[in-house]
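Hi,

Here is the structure I promised to pass on. Have a look at it first, and then read on for what turned up.

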Amino acid sequence: MRILIIQGHPAAAEGQRFDEAIAAAYARGATAAGHEVRCITVAALEFPLLRSSAEWEHGEVPADIGLAQADLLWAEHVVLVFPLWLGDMPALLKGFLEQTLRPRFAVAEDRSPLKQPLKGRSAHIIVTMGMPALFYRLFYGAHAVKSLRRNILHFCGIKPVRTSYFGMVEGNSGQRRERFLQKLEGWGRKAL
Ligand SMILES: Cc1cc2nc3c(=O)[nH]c(=O)nc-3n(C[C@H](O)[C@H](O)[C@H](O)COP(=O)(O)O)c2cc1C
């Protein structure tokens with residue numbers, strides 16, 4: 001399986017963050033099982049925010065975004081890792097998706113669901129957060145993740161989409177993190 005991991009924490013990668021460790025654990029498991037893996041660190045890319053529908057439709061695609069589009073076309077499975085910020089994905093990741101999922105690349109010219117260019121790919125959304133994950137799912141209805149899954153990924157033909165959450169991430173015990181990372185390696189091996 002060809003797997004693309006998109007690590008969406010806005011801070012520059014330093015190898016210290018839990019979201020980085022999640023991406024690395026998944027990649028380790030996947031590579032060990034013989035899958036091909038590519039990784040995009042959104043914080044390392046150069047791109048401006050889109051500011052109009054004209055730019056979205058016809059604006060020049062920044063070089064880093066062009067490379068990300070090529071990775072998406074290459075991939076059969078996409079793993080998206082990000083921290084929950086103000087109840088949603090961080091703005092930088094949203095900006096990256098707006099730039100990347102352009103008309104004709106991710107959405108057919110006539111918006112027809114029958115001609116979705118990225119159809120056939122599956123995805124796994126992995127979200128870390130400060131609150132307990134169960135609270136996010138039951139009280140808030142995991143609204144931002146539902147929107148990402150249905151409004152963005154399904155709209156581009158990417159399905160099925162699996163979701164996983166890691167709550168109470170701040171100040172949590174190393175043991176609990178370690179158990180989650182082991183699970184991640186297993187998911188990587190199975191390309192989940
Ligand atoms: C700007 C900002 C907004 C955040 N908003 C939320 C939130 O709405 N809900 C929540 O549970 N955690 C929130 N958090 C906590 C992050 O989700 C948590 O710190 C992150 O998943 C772990 O990554 P880090 O500590 O390596 O940055 C927020 C953190 C920051 C910096």
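Let me start with a helix and what lies under it: the buried residues of H6 pack against strands S4 and S5. Bear in mind throughout that this is a predicted model.

H6 covers residues 143-153, and its buried residues are Ala144, Val145, Leu148, Arg149 and Leu153. These sit on the same side of H6, because they cover an arc of only 140° around the axis. Turn to the face directed away from that buried side and you'll find the exposed residues His143, Arg150 and Asn151.

Now for the strands. S4 runs from residue 122 to 128 and is mostly covered, with six of its seven residues buried. It has a parallel partner in S5 (residues 161-166), and six bridges join the two. If you want a pair to click on, Ile126 has Ser164 in S5 as its bridge partner.

S4 also pairs with S3 (residues 77-83): these strands run parallel too, joined by seven bridges. Here you could pick out Phe82, whose bridge partner in S4 is Val127. Add helix H4 (residues 91-100) to S3 and S4, and you have a right-handed β-α-β unit.

Next, the ligand. Which residues are closest to it? They are Pro83, Thr128, Met129, Gly130 and Met131, out of 14 residues that surround the ligand. As for the make-up of that shell, eight of its residues are nonpolar, three are polar and three are charged.

One last residue to look at is Gly8, which is found in the loop between strand S1 (2-7) and helix H1 (18-32). Is Gly8 buried or exposed? It counts as buried, because it has 25 C-beta neighbours inside 10 Å, and the cut-off for buried is 20 or more. Leaving aside neighbours within four places in sequence, Gly8 is in contact with Val42, Leu80, Val81, Phe82, Met89, Pro90 and Leu93. Phe82 is the residue you met above as the bridge partner of Val127. Arg176, on the other hand, is 168 residues from Gly8 in sequence and 22 Å from it in space, C-alpha to C-alpha.

That's the tour. Over to you!

Cheers

Notes: Residues numbered from 1 in each chain as written. Predicted model: local features only at pLDDT ≥ 70, side-chain atom pairs only at ≥ 80, totals over all residues. Buried ≥ 20, exposed ≤ 12 C-beta atoms within 10 Å, placed from the backbone. Helix = DSSP H or I, 4+ residues; strand = E, 2+ residues; numbered from the N terminus. Pairing = 2+ DSSP bridges. Right-handed = clockwise from strand over helix to strand, strands pointing away. Near = placed C-beta within 6 Å. Nonpolar A, V, L, I, M, F, W, Y, C, P; charged D, E, K, R; others polar. Arc of directions from axis to C-beta. Contact = placed C-beta atoms within 7 Å.
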